[in-house]
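Me: I would like to go through this model term by term. Please set each value against its definition.

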There are 4 protein chains.
Amino acid sequence: MKKRVAIVGASGYSGEELIRLLLHHPQGQLTAVTSRQHAGQTIAQVFSRFASHPAAATLRFSEPNPELLAKGADVVFLALPHGVAAEFAIPLIQHGCLVIDLSADFRLKSAEIYKEFYGHDHPAPDLLAKSVYGLPEMHRDKIKGALLVASPGCYPTSVLLPTIPLLRAGLVKPQGIIADSLRGVSGAGKKAETEYLFVECNESARPYGIPKHRHLSEIEEQLSLVAGESVTVQFTPHLIPVNRGILTTLYLAPMEHFNSNEHALRLGEQIAECYQTAYGTEPFVRLLEGKALPDTKNVLGTNAIEIAWRLDPRTGRLIVMSAEDNILKGASGQAVQSMNIMCGFPESAGLV
Amino acid sequence: MKKRVAIVGASGYSGEELIRLLLHHPQGQLTAVTSRQHAGQTIAQVFSRFASHPAAATLRFSEPNPELLAKGADVVFLALPHGVAAEFAIPLIQHGCLVIDLSADFRLKSAEIYKEFYGHDHPAPDLLAKSVYGLPEMHRDKIKGALLVASPGCYPTSVLLPTIPLLRAGLVKPQGIIADSLRGVSGAGKKAETEYLFVECNESARPYGIPKHRHLSEIEEQLSLVAGESVTVQFTPHLIPVNRGILTTLYLAPMEHFNSNEHALRLGEQIAECYQTAYGTEPFVRLLEGKALPDTKNVLGTNAIEIAWRLDPRTGRLIVMSAEDNILKGASGQAVQSMNIMCGFPESAGLV
Amino acid sequence: MKKRVAIVGASGYSGEELIRLLLHHPQGQLTAVTSRQHAGQTIAQVFSRFASHPAAATLRFSEPNPELLAKGADVVFLALPHGVAAEFAIPLIQHGCLVIDLSADFRLKSAEIYKEFYGHDHPAPDLLAKSVYGLPEMHRDKIKGALLVASPGCYPTSVLLPTIPLLRAGLVKPQGIIADSLRGVSGAGKKAETEYLFVECNESARPYGIPKHRHLSEIEEQLSLVAGESVTVQFTPHLIPVNRGILTTLYLAPMEHFNSNEHALRLGEQIAECYQTAYGTEPFVRLLEGKALPDTKNVLGTNAIEIAWRLDPRTGRLIVMSAEDNILKGASGQAVQSMNIMCGFPESAGLV
Amino acid sequence: MKKRVAIVGASGYSGEELIRLLLHHPQGQLTAVTSRQHAGQTIAQVFSRFASHPAAATLRFSEPNPELLAKGADVVFLALPHGVAAEFAIPLIQHGCLVIDLSADFRLKSAEIYKEFYGHDHPAPDLLAKSVYGLPEMHRDKIKGALLVASPGCYPTSVLLPTIPLLRAGLVKPQGIIADSLRGVSGAGKKAETEYLFVECNESARPYGIPKHRHLSEIEEQLSLVAGESVTVQFTPHLIPVNRGILTTLYLAPMEHFNSNEHALRLGEQIAECYQTAYGTEPFVRLLEGKALPDTKNVLGTNAIEIAWRLDPRTGRLIVMSAEDNILKGASGQAVQSMNIMCGFPESAGLV
């Protein structure tokens, strides 16, 4: 029997993608979508690209009401702004729903770090301990039994998946990590702001949020948990004129000093083996071989992340690069991956 | 009286931009343009966007012939592939022309480094000592008396201008520098290659040439000259879907350790003063203030480079960002700036 | 049991999309892909975006060999250049394969018109009578029993689907039709030609192939068959900087003269009813309502075509607009739709 | 001595371009720029791309005040929304300023047509008779003595320049004209609206304003004046993902019926001669020859309009295509061209 699924706040880019994924999910059935803005309209009326699907003509957006949602859904996705998601999560969990939150509200374990980065007290600090950080490749077992999953941010996913195995294996130093990221404009959301107009973004490349972007908090917390020490990361996001995609370039310091091609070869074997062990059987992590380097166009529309790396004997550094679709592996796809795990479905169900 | 100017190899993007700049130059007169591909056609026929200019209808592309060029031109720009430029430079200099080369042929002082990065012996090692690296903000006095100017690469310009003043003032460490750059597709030239097709570049972001791009050689040589020691740089170029523009993010280590906002403030004053001293009166270097960060769209079509910086007390690093038009300040505009200096024209003549 | 499916010439954009569709098709199994260029490589090596699919790691491109293909496949898609497809079709049909050809080789009934538009004799004129024009909404019954389906061109699909019902119902005049189309760059194929470089297409909009584009031949032949008279169409294609999508604007003359809003209302009811009758239950034709107008972004990645229309009482004209994904409804998606019909699968199988 | 020039409402795309043109104008001196939004800031602060110009650091945006403006300026450009411009024009003209209005307020001669298309009474109907429609190639003599010039809309310019000479020469029929236009997103202005966000425009092509766009009113009025009869035009604008540029395709009916290549040749000679006579010496109209067709990228950043045409003996139609930069020849460049004429400057002064 199919699980009944609801999406709260389905008017933005992540919500739209959740609708797409869940309309075609083999084991989930979309039973409710909410949006104050679109309440009363059918999915087909709001998003004409889904109109070919039979459910799009009948399923209507409703006002978000936790009690009603809890009655009609087994799983609820929250695609709401930061701060608002927590309010909805509490009653839904009390009513026995599985909740997958795409906002930042439950991603941190520490309420103090939340306050430092988000500027206000956490609205439901008790739930922080119960929530599981929804990075399947790292926390699959915890996700399996979780009632509340905090789906990771798009930037953190692109940084954590390439870094954690190396850190866990002791191959790179936990300090001094630099993550330089490029992201498409959908990451800014569907907000009518001048700086995201076509004319302002096309033929433009620009950094922003330097040096203390909010996503740093979850990147650092997750890396600290792995490293067993407090990790501070340099993170510089850039806006580039693509709709979707994140390309992250990581500058890492191998634990072992090397400065020759021979030494790089030996070290390279360890890195290759480390990644192979970590991700060799992962359905959504693609370890590139040979001369291939990540390219966002190769992951667009998919839940995959591409990873490649190069050792530079001239500088003694390890460069790791990753590419993902910020709305899929960086948001809605990964959230569905968590749902699949929570519900005991095949992990790739409904995802490519 | 106007100087007579020729462009050799004017069929690519840099050559086209040189034509534009020189057609409207107040003190230079374009007397010859060469291109094997376009020989016999007028400028208006090849580049219809210049057709409104009277000279475009009469000036025809010719086969490149150094002797004929030398008779009709006082200044010759070489917009040729690497390796080919050197052949042309020798006879032109012998005939008394001022030569400004946009290729990499004369940018290095060391013939060995040339061979290491370009894979073959330098075709005219004797000229290396005579050529001047055409970065006006750094080598204005030498450019003034030069017979041969090697105009810098687009990436090196975006790295060197932000870095050199800090290095010279001893504010940052010469080792461990990372330069992460994004560049538009025009940087790859007007070559019919599948990887630069619209469909392959649009909605794509990708690194390439990792970890040892050719432009590293001139970046490192110039920084080494300033630092008085051998400098090795980590440089990672990325291709992004814009026609023009380079956005470079530099990760630097201040000589002085800092880890508080107060300390950052004091150090920041020194950095601001250093840049102000170096560039306060430079016509084409724009030091951004307040919250402004570089954006390639703000320099498109201009010879300007924008620079901004941030100190991060969490990591102890200095982040410096620059934006330039890769075809102007990164190539043809800077070359004309050098011409202006060589010929005693106002340095901004014909440039915006 | 699944049908075994092969793709001949799977290296271009249409071929790549066929691979994507067939890897995920519920009732077809991809058993062979051919490409001279990629022979020996796996699908995952050539198209990394498919690498998550198990078959991508094992299925290798082979040299195209009709006899071998016929042994291993029940259905063969030909994604080959015009002129080459015919050579392959003949032996495949002789060996009992169902053939779906995406080239123009079998789209015309008349070998003379073929010669007029393609400049050489038709390579297999006997097959012209046997082939069925694969526009499912028009020729579903014939496709059902066909051995050879000629899948329509992308432009013709965008013109024919909006026009045919009106013409058939006698609501518009068969003469004087104008079709003005905008198409993304993927329509030009994956060819390394300077005019399709990113820099040459970005920030560019241009007409081409004016006034006698090859696709006119099949547009006119199909419309003539419907109208029962020889129809001549004005067709002006334009290239715009998007990867995918066709937006066609049609200028039609209603059979009935009208010049008032009231009259337009009455006539509009007839048009609405005509379209409703023709397409009300079609899974891939979307009749827009209210103020909605077609937008290529709403059909990207889908097999749908959007249609809207406006009567203009000031000019007495009917404007009909359509939007489709040129690689899906305009090529590979429609071809799979035909396969579904030929094989007795649900018509939407494997398509969204 | 330089004329003193002011720009009222210089915060949008047209205003920004006027600033650029006037900062570099050889015979005009920018003495005032107004903007409620930016009042108090320097040009350099608001538009960093102009910061290299000395005046950008000192000239500050002010609140718009007609009396003060009139004291400090000989020429005033109004880059204001429709309806607001008229209010400013009246006092400025009374104070003896030459006024060039980029809005639609004074483009029509008929106050009734204004009301029909703009939905409210004209705010200053008396001035309609005094204003001159600022299409220099058509109304140069009247512009010379004008006190108030209404600079044409971007779409009308792209339609009128290709059509008027043919209509005047009696070569095409005045009725049945169709103008199909593609325009970049800057044409929608710098407004924070969801439909103009990067993600909503990129990979999108869509018609809008069908069938009765406001610009029709001035197109029809101007064509009616030339034809000596009331002309009704079919006009369909489309939005495409470029920053700038208009590509217009016109479908015209030659007065003389033709249906053979020979006849087309003879008729073609008349058309070529007609255009040559009209535009052979115009600095900003480029008649393309041979196989060349208009391309917006060839006119970007220039005040030029490209025109090409094809006769189609199959349909008996004449297809005329034009390309212009919607912010230059379509707005600010053409306005400066009018200023040059009004002030007795060379018509190309400050324009390329």
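Reply: A search of the whole structure finds one cavity of 30 Å³ or more. This is a predicted model: local features need pLDDT of at least 70, side-chain atom pairs count only at pLDDT 80 or more, and totals for chains, interfaces and linings use all residues. Residues are numbered from 1 along each chain as its sequence is written, chains are lettered from A and ligands numbered from 1 in the order in which they are written, and side-chain values use heavy atoms, leaving out hydrogens and water.

Me: What makes the largest cavity a cavity?

Reply: On a 1 Å grid over the protein atoms alone, a cavity is a set of points where a 1.4 Å probe fits but cannot get out; a pocket is an open set with protein on both sides within 12 Å along at least five of seven lines. The volume of the largest cavity is about 90 Å³, counted as the space filled by probe spheres set on the points, which are joined across faces, edges and corners.

Me: Which residues line the largest cavity?

Reply: Lining residues have an atom within 4 Å of a point. Among them are A:Phe198, B:Asn202, C:Pro241 and D:Phe198. By class, the lining has eight nonpolar, four polar and no charged residues. Ala, Val, Leu, Ile, Met, Phe, Trp, Tyr, Cys and Pro count as nonpolar, Asp, Glu, Lys and Arg as charged, and the others, Gly among them, as polar.

Me: What is the volume of the second largest pocket?

Reply: About 700 Å³. Of its 34 lining residues, the closest to the centre include C:Arg317 and D:Arg317.

Me: Why are chain D and chain B said to be related as by a two-fold rotation axis?

Reply: A turn of 180 degrees and a shift of 0.0 Å along the axis lay chain D on chain B with an RMSD of 0.0 Å. The two copies are therefore related as by a two-fold rotation axis. Superposition is by least squares on the C-alpha atoms of residues with pLDDT of at least 70 in both.

Me: How many residues of chain A are in contact with chain B?

Reply: 45 residues of chain A touch 46 residues of chain B, contact meaning heavy atoms within 4.5 Å. The two chains bury about 3,800 Å² between them. Buried area is the accessible area (1.4 Å probe) that two parts lose on being put together, summed over both.

Me: Why is the pair A:Arg314 and B:Glu220 called a salt bridge?

Reply: The rule asks for a side-chain nitrogen of Lys or Arg within 4 Å of a carboxyl oxygen of Asp or Glu. In this pair the closest N and O atoms are 2.4 Å apart, so the pair meets the rule. Across the interface of chain A and chain B, the rule finds six salt bridges.
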